[in-house]
Amino acid sequence: MKWKWVLVFAVAWFGFGFAGQPAQAENNMNIEVKLPMGGISKYESWMRLEVTITSEENDVAGYVELSRRALPKNLRQANMRQPVKLEKGKSTTLFFDLPMQMLVHDWYIHVTQNGQVLKSEKLRIPFPKDGQTIGVVDEGGNTFHFLAVNTSQSKMNQPISVHNLTPDMLPDKSWLYDSLDVLAISSKQGALIDDAQLAAIKEWIKLGGVVILSAGPDQDALVQRFRDILPIQTGQKGSVPLAEALRDYAGGKPALPGDLGVYNRNLPLYVAKQSGNGLFLFVNYDVTAEPLASWQYNPLLWQNVMAQQGVTTVLENKRHYDPLSRSFLELSKKIPDVQTPPPVWMVVMWGSYVLLVAPLAYLVLKKVGRREWAWGIIPGAAILMAVGIFAIGKPLVVKTNASYSISEISILDEKLAKARTASTFLAVDKDGYDVIVEPSIVAVPLSQGRSDYEPEGLTDGSRLLSYRNLPYLTPRQALGFGVLQNIGAFDVDVRVEENRLVGKVKNNTVYSYEQTFIEVGLQRISLGALKKGEEKQIDSVLEWLFMPRNLEQDSPDSPEERRKQLQEGVIGYAQGGQVRLIGITTEPVPLMKMQEPHQAHYWNVVNQNVQLQPQADGKVILPYGLLNAVLSEASGDYETNTGYLWQLGKGSITFELETDATNLELKRLLVPLDHSSYRPFHIEYFHQKSGKWRTVERGTKLVLAQELHDALTANRTLLLRFTNSTATRLTLPTPFFQMEGVRKW
C-alpha cells in the first residue's frame with residue numbers, strides 16, 4: 001500500500017508543478033496596450049492597438065495573439081497572430097490594425113509559446129464616440145471650447161465631443177486621424193509638432209479632414225510650416241477694429257468695441273483653403289486673446305464662421321464608409337472562372353448511389369450467388385465514385401490557384417489617391433500561402449465567421465499576411481485601405497447650361513477604362529471606354545430626376561443580378577452636392593498579392609470629385625437631384641418602401657431641402673411643383689423671416705430668388721410641406737430641386 005501513496009504523491013507533485021508554470025510565466029511577463037490619441041475612436045474608423053510585451057526572467061519565442069473570449073468547444077475560435085522573439089529583461093512593441101467595429105466585443109491579448117499561454121490580458125477599449133469629435137492641441141484646457149457649442153446647433157443634431165491633446169499624442173499616420181472630424185491647433189503648442197506628425201496631418205486634410213489653426217502676432221513657427229497649403233506673408237502683424245472685422249459673422253449682434261491683434265493685418269480674420277477633400281482654416285488671431293475670447297456671442301460667431309468658410313459643408317458632405325467594406329468582400333468571393341457546383345448535384349449523385357447503385361449491385365451479387373462479395377464491392381464502388389467525383393469535379397471548380405481583388409480608388413489630386421480594397425484567395429493544392437501587401441496599404445486577414453467577418457491569420461505587422469493549416473479548397477480573404485502616390489488625375493472641365501451638361505474630360509491617369517461615366521446625384525451619363533491620354537467632349541441632357549431609375553427591389557433572382565448589386569455597393573452614389581467622374585477597369589492593381597503562382601483577377605473603380613464650372617454670367621447651376629431633400633416631419637397615414645416615393649393619406653409630410661451642402665452664395669432656387677405628381681397636394685413653404693407658411697399656387701413652379709435668404713432656416717435649408725386632406729392614399733415623390741449661385745471658395 002505504501003507504494004500507492006508514493007505514486008499519488010508523485011502525480012500530485014508533477015501536476016502542481018506543471019500547473020504552476022503558466023502562473024509563474026504570467027508573473028514574470030507584462031502586457032501593455034496603448035491606443036492613439038488617448039483612445040479616441042469612431043465606429044466607422046480603424047484602430048491601431050500598440051501592444052508592448054516585457055519579459056522579466058525568460059526568453060520568449062512564440063506568438064502574440066489577438067483572440068475572442070473562450071468559445072464552446074464545438075465552435076472554431078478565430079485569432080490573428082504575430083511572431084515575437086524577446087530576450088529576458090527586454091521589451092518589444094507590436095501593432096494590430098483593425099476596423100473599430102470589430103473591437104467593440106470582448107478581446108484578449110495572449111502571449112503563447114509552443115501552444116501554451118504564457119500571459120493573457122483582456123482588452124479594455126473605450127466605446128467609440130458618436131457624432132462629431134474635435135481634437136484640440138493647446139496648453140489651455142478651454143481653448144476652442146466654443147466649437148462644441150457651435151456644432152451642436154447644426155441641423156444634423158449630432159452630439160459633439162471636444163478632447164484636449166498634447167503634441168506627443170498626435171500620430172504620424174494620416175489614417176489614425178480619422179477618429180477626429182476637426183483638429184484645432186494653436187500656434188503655441190502646435191510648434192512642438194514634429195515633421196512626421198505634420199506630414200500626416202497635411203495628408204489627412206487631403207483625405208477629408210478639417211484643421212483649424214489659430215495664430216496671433218509673431219506666432220510664426222507653425223503658420224509657415226503650412227505655407228504649402230496656404231502661403232501667408234510674415235512680418236505683417238498689426239491690429240484691426242473688431243466691429244468692422246466681425247461685421248459679416250456677428251449675425252446682427254451688438255458690435256464688439258476695441259481692437260484685436262492679428263498675425264497679418266492684410267488678411268481677414270478667417271481664411272479657408274480647400275486641399276483635396278478637406279479644408280484648412282486659418283484664424284488670423286489668437287483665439288485666447290481678449291476681448292473676443294470671453295465675448296458672450298463667441299459661440300454664435302463661430303457657428304457663422306464654420307458655415308460661411310465651408311467647414312460645415314465639408315463635415316456634412318463627408319462620406320461615411322463601412323470600415324469592413326462588406327460589398328467589397330462579398331464581391332471578391334465571386335472569383336471569375338471558379339464555379340461552385342450546385343448542392344443539388346451532390347445530393348443527386350450520392351442519392352443515386354444509395355438508392356440505385358448499391359441496391360442493384362447487392363441484388364445482382366445475390367442472384368449470381370456471390371452475396372458476400374457485397375462487403376467489398378459496394379464500399380469499393382463508393383470509394384471509386386468519390387475519387388471520380390474529385391478527379392472530374394475539381395478541374396471544373398478551379399484549375400489553378402486564383403484570387404479576385406476589388407478596389408475603389410478615390411483621386412484627390414495628380415499625386416495622391418486613397419484606396420479601399422478586398423481580396424479573396426483560393427489555393428488548389430496547398431494548405432498555406434503568403435500574401436504581400438503594398439507598403440502604403442494597411443491590411444487585415446479575415447475569415448467568414450458565423451455572423452460576420454473575423455480577423456484570422458498570421459501577420460508580421462506590416463507587409464506580410466500568412467494563411468496556414470487551411471481546409472481543402474477553402475478561400476480566405478483580406479481587407480485593406482491606404483493611399484496611392486502619383487497615379488495621375490482626370491482633367492475635367494464641365495458646367496451646366498440650362499438642362500445640359502457640357503464640357504470635356506481627359507484621362508491623365510495611369511489606367512485605361514472599359515467604362516466611364518459622370519455621376520450627377522442619382523443620374524449617370526455614360527462616356528464609354530476611355531484610354532490613357534484620351535479626351536472626350538461632353539454634351540448631354542440632364543433629366544428632371546431625383547429618384548433613381550431602379551428603385552429598391554426584392555432580392556436579386558440570379559447570381560448575375562447579385563453581382564451587379566454588389567458592384568453598385570462598391571461604386572456607391574455621390575452625396576451632398578458632389579459630381580463624380582467614375583471609371584471601371586480590370587487592369588492589375590496588385591495592392592495585395594499571393595506569392596504563389598496564381599491566376600489574379602481585378603475589378604477596380606476609380607473616381608474623382610468634379611467641381612462644376614460657372615456659366616458666362618458667373619453663376620454655377622446645381623441640377624435636379626444633386627442636393628438632398630430629407631424627411632423633416634410627417635403626420636397622418638403615410639409610409640414608404642423606397643425612401644423616394646411616399647404614400648400619404650389624410651396628413652402631411654414636410655421635406656427639408658438641403659441648400660447648405662454647397663459652397664455657393666445662393667441666388668436662386670427652383671422646385672418643379674408643376675409636375676403632375678404634385679398637383680393633388682396642398683403645398684406650402686416656410687418663410688423664416690415672417691415665421692409663416694406660404695402657399696404655393698397649384699400647378700406652378702416654386703421659384704425663390706429675391707426672397708430666398710428670407711425663406712431659409714438658420715441652417716440654410718428650405719422647409720416644404722405637402723398636405724393631403726382626403727383619406728385616399730396618394731403617391732408623393734420626394735421633391736427634386738435646382739440651385740444657382742456664385743462660388744465663395
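Here is a quick look at some strand pairings and one helix in this predicted model.

## The four-stranded sheet

Let's start with the open sheet. Four strands build it, lined up as β32-β41-β35-β38, and their pairing is antiparallel. At the edges sit β32 (620-622) and β38 (702-704), each with a partner on one side only. Going from one strand to the next, the twist averages 20°.

Zooming in on one edge, β32 is tied to β41 (residues 738-743) by 3 bridges, and the two run antiparallel. If you want a specific pair to click on, try Ile 621, whose bridge partner in β41 is Glu 740.

## Strand β3 and its partners

Next up is β3, which covers residues 60-68 and runs antiparallel to β4 (residues 79-86), with 8 bridges joining them. Within that pairing, Leu 66 faces Met 80 of β4.

β3 also pairs with β6 (residues 107-113), again in the antiparallel sense, this time over 6 bridges. Here Ser 67 stands opposite Tyr 108 in β6. As background, strands of a sheet pair through backbone hydrogen bonds, in either a parallel or an antiparallel way.

## Helix α7 and what comes after

Which residues of helix α7 (residues 298-308) are buried? The list starts with Asn 298, then picks up Leu 301, Trp 302, Gln 303, Asn 304, Val 305 and Met 306. So there's a mix of names in there, with Trp 302 and Met 306 alongside Asn 304 and Gln 303.

Just past the end of α7, have a look at the backbone of Gly 310: its phi is positive, at about 95°.

Note on methods
Residues numbered from 1 in each chain as written. Predicted model: local features only at pLDDT ≥ 70, side-chain atom pairs only at ≥ 80, totals over all residues. Heavy atoms only, no water. Pairing = 2+ DSSP bridges. Axes fitted to C-alpha atoms, helices over the stretch in contact; angles between N-to-C directions. Buried < 20%, exposed > 50% of the residue type's maximum accessible area, 1.4 Å probe, protein only.
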